[in-house]
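Visitor: I would like to learn how to read the empty spaces, the surface and the charged pairs of a model. Where do we begin?

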Amino acid sequence: MRETPEELDKLQSLLDSSLSGSTAHLRSIVEGRTITAAQLTGVITGMCTLALSTVTAKGEPRISGADGHFLHGRWHFGTARNAAKARHLAARPAASVAHMRGEDLGVFTHGTVEELNPEDAETTADWQELLAYLKDFYGDDDAFDWNREAVYYRLNPHWMTVYAPDLGKLTGT
């Protein structure tokens, strides 16, 4: 868990407002079967496979996989700079991601991506911290150029909900 108390509070507010503003159908599924922001950040550590949804120029949906890392209360993920999803996100930064573990966990997020390491512009203030985390996680070898070959994003969420009917199954308790 890398979240500060302020980040946990912000995430909890997002989870609460997202669920309270959702449809009656979704609330009937999730209410009573969710977890807190603090519990969530303890469960989704390391690399989490994401289903990433983008939109083509024709407005057609596209879904693909991405390695997701939940850090500081937000999803971070990357792809090759020449990938279709990178083109989609550059033109239309709205995106949705889902992380699911069978019927035990579903984390659903809608938001807008922020490019962390633009090829021809300054990186974000926290890019070096994220890059150090990624190199530690994946290995710091010279297999590829982290800045030129890969593009990384942060999904700044405006909606997020979590389905987790049995926290014990997720934590092994």
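Guide: With a definition. A cavity is a set of grid points where a 1.4 Å probe fits but cannot get out. This model is predicted.

Visitor: How does a probe help here?

Guide: Rolling a probe the size of a water molecule over the atoms shows where empty space is left.

Visitor: How many cavities of 30 Å³ or more does the structure hold?

Guide: One. The largest cavity has about 70 Å³ of space.

Visitor: Which residues line the largest cavity?

Guide: Arg-2, Leu-71, His-72, His-76, Asp-126, Glu-129, Leu-130, Tyr-133 and Arg-154. By class, that lining has three nonpolar, two polar and four charged residues.

Visitor: Which helix gives the most to that lining?

Guide: Helix H5, residues 127-138, with three residues.

Visitor: Now the open kind of space. How much lies in the largest pocket?

Guide: A pocket is an open set of points, whereas the probe cannot get out of a cavity. The largest pocket holds about 180 Å³. Its lining is Glu-7, Lys-10, Leu-11, Leu-14, His-72, Gly-73, Arg-74, Asn-156 and Pro-157. Two elements give two or more residues to this lining: helix H1 (5-20) and strand S6 (150-163). H1 has the largest share, with four residues. The classes are three nonpolar, three polar and three charged. Note His-72: this residue is in the pocket lining and in the lining of the largest cavity.

Visitor: On to the surface. Which residues make the nonpolar patch of about 260 Å²?

Guide: Met-47, Phe-137 and Tyr-138. Met-47 sits in strand S1, residues 47-55.

Visitor: Why does Met-47 count as partly exposed?

Guide: Because its relative accessibility is 32%. Partly exposed is the class between buried, under 20%, and exposed, over 50%.

Visitor: Next, charged pairs. How many salt bridges does the structure hold?

Guide: Six. The test is a side-chain nitrogen of Lys or Arg within 4 Å of a carboxyl oxygen of Asp or Glu. Take Arg-62 and Glu-60, whose side chains meet at 3.1 Å, N to O. Arg-62 is partly exposed at 38% relative accessibility. Glu-60 is partly exposed too, at 34%.

Visitor: Which parts of the chain does the pair Glu-115 and Arg-81 link?

Guide: First the contact: these side chains form a salt bridge at 3.4 Å, N to O. Glu-115 is in strand S5 (residues 105-115), and Arg-81 is in the loop between strand S3 (74-80) and helix H4 (84-91). The two are 34 residues apart, so the bridge links distant parts of the chain.

Visitor: Is each partner buried or partly exposed?

Guide: Glu-115 is partly exposed at 31% relative accessibility. Arg-81 is buried at 17%.

Visitor: What does the salt bridge of Arg-154 and Glu-114 tie together?

Guide: Their side chains meet at 3.0 Å, N to O. Arg-154 is in strand S6 and Glu-114 in strand S5, so the bridge ties parts that are 40 residues apart in sequence. Arg-154 counts as buried because its relative accessibility is 4%. Glu-114 is partly exposed, at 27%.

Visitor: Which residues form a network with this pair?

Guide: Salt bridges with shared partners join Glu-114, Asp-126 and Arg-154 into one network. Look back at the cavity now. Asp-126 and Arg-154 are among the residues that line the largest cavity.

Technical notes: Residues numbered from 1 in each chain as written. Predicted model: local features only at pLDDT ≥ 70, side-chain atom pairs only at ≥ 80, totals over all residues. Heavy atoms only, no water. 1 Å grid on protein atoms, 1.4 Å probe; cavity = no way out; pocket = protein on both sides within 12 Å on 5 of 7 lines; lining within 4 Å. Points joined across faces, edges and corners; volume = space filled by probe spheres on them. Nonpolar A, V, L, I, M, F, W, Y, C, P; charged D, E, K, R; others polar. Patch = residues over 30% accessible without salt bridge, like charges linked within 9 Å, V, L, I, M, F, W, Y side chains within 5 Å. Areas by Shrake-Rupley, 256 points an atom, 1.4 Å probe, with all protein chains shown as cover. Buried < 20%, exposed > 50% of the residue type's maximum accessible area, 1.4 Å probe, protein only.
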